[in-house]
Amino acid sequence: MLDCFKFLGFAVLLFLGAISTAHAGIWGSSFPEDISLHGHLIDDVIVYIDKVLVIFFGLVLAAIIYFIIRYRSRPGHQAVYETGNKKVYVIATILLGMTVFFSIDAVIEHMSFRDLKEVFWNFPQGKDVVKIELMPQQFAWNIRYAGPDGEFATSDDIIAPLSQMHVPIDTPVIVQMSPLDVVHAFYVPQLRIKQDAVPGKVTTFWFQAIKTGKYEIACSALCGNGHYKMRGNLTVMSKADFDAWLNEQTAQATSADDPWADTDSSTGGASKDWGWKWQSRVKEN
Ligand SMILES: [Cu+2]
């Protein structure tokens with residue numbers, strides 16, 4: 001009987017823990033600030049999973065508690081060995097499994113593919129779109145803009161100071177990314193973007209920032225000894241400030257005259273010849 005109470009106490013504690021964790025997720029207090037137009041779509045999926053899991057966890061605990069009390073060891077009550085292979089158990093198991101599958105997996109699959117199709121794989125078009133080529137390397141971020149001719153891999157490309165990405169507010173930004181050496185991953189929690197960079201592959205993603213400010217770019221793939229210091233800065237500026245900044249870069253292409261610039265020369269920096277012709281094979285036109 002004592003063991004039974006111990007278990008009940010443990011189960012209740014576990015449930016309270018789950019609720020408080022989910023509470024933080026559901027009401028947003030554990031999420032980083034969202035500065036992107038579509039970040040809430042990612043949050044919606046996480047919050048949905050939190051809510052359903054808390055409900056199911058509560059039901060499972062309630063069932064366990066009920067069975068513990070209902071079938072507890074007591075005088076005049078004999079335990080019966082049950083193999084569990086009766087038809088009714090098989091049907092109950094299949095029904096439970098399908099309930100979980102259709103209420104969690106199928107729903108989040110539906111939400112995710114809807115968001116991918118309507119937003120994340122639906123690349124913006126038009127003159128306003130800012131295009132950036134991004135080449136992570138051990139242990140820095142090389143960032144390139146197309147320059148006045150709008151074409152990449154030409155002599156007027158603008159190379160930003162190492163690891164300093166600047167983007168205008170309220171403007172779609174498409175990034176094409178390919179690493180110089182090993183696998184890295186571009187991670188800006190406030191944009192709700194975490195994207196792997198895979199050698200030999202150009203990966204495309206886009207976002208639109210809706211709040212100015214400076215945010216950290218973290219590499220989220222363990223990429224070597226210096227992984228911990230592979231950080232960059234994302235500066236979201238007003239459109240006028242961005243244009244002014246870009247013009248300055250034309251004049252001083254690589255002078256790193258930026259208060260946030262990485263002055264650590266150990267990263268070396270990539271050759272100025274890096275970059276590629278913009279990959280139009282992605283669904284963009
Ligand atoms: Cu890295």
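**Exercise 1. A hairpin**

Task: In this predicted model, find the bridge partner of alanine 185 in β7. Then describe how β6 and β7 pair.

Solution:
- Step 1. Start at alanine 185. Its bridge partner in β7 is aspartate 196.
- Step 2. Look at the whole pair. β6 and β7 are joined by 5 bridges, and the sense is antiparallel.
- Step 3. Follow the chain from one strand to the other. The two strands form a hairpin, with 4 residues between them.
- Step 4. Check the turn. Arginine 192 lies there, with a positive phi of about 60 degrees.

**Exercise 2. The sheet around the hairpin**

Task: In which order do the 5 strands of the open sheet stand, and which strands are at the edges?

Solution:
- Step 1. Write down the order: β4-β10-β9-β6-β7. The sheet is open and its pairing is mixed.
- Step 2. Go to the edges. β4 (164–168) and β7 (193–197) each have a single partner strand, so one side of each lacks a neighbour in the sheet.
- Step 3. Add the twist. On average, neighbouring strands of this sheet are turned by 25 degrees against each other, direction ignored.
- Step 4. Turn to the other partner of β6. Strand β6 (residues 184–188) runs antiparallel to strand β9 (residues 213–219), and 2 bridges join them. Phenylalanine 186 stands opposite cysteine 219 in β9.
- Step 5. Test how enclosed β6 is. Of its 5 residues, 4 are buried, so β6 is largely enclosed by the rest of the structure.

**Exercise 3. The copper site**

Task: Which residues coordinate the copper ion, and what arrangement do the 4 donor atoms make?

Solution:
- Step 1. List the donors. They are His184 (ND1), Cys219 (SG), Cys223 (SG) and Met230 (SD), at 2.0 to 2.4 Å from the copper ion.
- Step 2. Take the angles. The 4 donor atoms subtend 93 to 124 degrees around the copper ion. Four donors count as tetrahedral if all angles lie between 85 and 135 degrees. The arrangement is therefore tetrahedral.
- Step 3. Read the spacing along the chain. The pattern of donor residues is H-x34-C-x3-C-x6-M.
- Step 4. Place two donors. Cysteine 219 is in strand β9, while methionine 230 is in the loop between β9 and β10 (231–237), so this pair ties together parts that are 11 residues apart in sequence.
- Step 5. Judge their exposure. Buried means under 20% relative accessible area. Cysteine 219 has 8%, so it is buried. Methionine 230 has 2%, so it counts as buried too.

**Exercise 4. Two helices and a tryptophan**

Task: What span is expected for helix α2 and for helix α3, and what span does each have? Then locate tryptophan 245.

Solution:
- Step 1. Take helix α2 (residues 39–70). Its 32 residues should span 46 Å at 1.5 Å a residue. Its end C-alpha atoms are 47 Å apart, which agrees.
- Step 2. Take helix α3 (residues 87–120). Its 34 residues reach 46 Å from first C-alpha to last, close to the expected 50 Å.
- Step 3. Look for a bend in α3. There is one of about 35 degrees at phenylalanine 101.
- Step 4. Pick out buried positions. In α3 they are Ser103, Ile104, Met111, Asp115 and Val119. Those of α2 include Gly39, Leu41, Val52 and Leu61.
- Step 5. Recall a rule for comparing positions. An α-helix has 3.6 residues a turn, so residues three or four places apart point the same way.
- Step 6. Move to helix α4 (residues 239–252), which holds tryptophan 245. Tryptophan 245 is buried, at 5% relative accessible area. Valine 167 is 78 residues from tryptophan 245 in sequence, yet their C-alpha atoms are 9.8 Å apart in space.

**Exercise 5. Unusual backbone**

Task: Which two residues does the cis peptide bond join, and what is phi at alanine 153 and at aspartate 170?

Solution:
- Step 1. Recall the background. Most residues other than glycine have a negative phi, and most peptide bonds are trans.
- Step 2. Name the cis bond. It joins glutamine 138 and phenylalanine 139, with omega about 0 degrees. Phenylalanine 139 lies in the loop between β1 (130–137) and β2 (140–145).
- Step 3. Go to alanine 153. Its phi is positive, near 60 degrees. It sits in the loop between β2 and β3 (158–159). At 38% relative accessibility, alanine 153 is partly exposed.
- Step 4. Finish with aspartate 170. Its phi is also positive, near 55 degrees. The loop between β4 and β5 (172–177) holds aspartate 170. At 41% relative accessibility, aspartate 170 is partly exposed.

Key
Residues are numbered from 1 along each chain as its sequence is written. This is a predicted model: local features need pLDDT of at least 70, side-chain atom pairs count only at pLDDT 80 or more; totals for chains, interfaces and linings use all residues. Side-chain values use heavy atoms; hydrogens and water are left out. Two strands pair if DSSP finds at least two bridges between them. Axes are lines fitted to C-alpha atoms, for helices over the stretch in contact, and angles run from 0 to 180 degrees between N-to-C directions. Donors are N, O and S atoms within 2.8 Å of the metal (3.2 Å for Na, K and Ca); water is not among the atoms, so sites may look incomplete. Four donors count as tetrahedral if all angles lie between 85 and 135 degrees; four count as square planar and six as octahedral if opposite donors are over 155 degrees apart and all others between 65 and 115; anything else is irregular. Buried means under 20% relative accessible area, exposed over 50%, partly exposed in between (1.4 Å probe, protein chains only). The expected span of a helix is 1.5 Å times one less than its number of residues. The bend at a residue is the angle between axes fitted to the seven residues ending there and the seven starting there.
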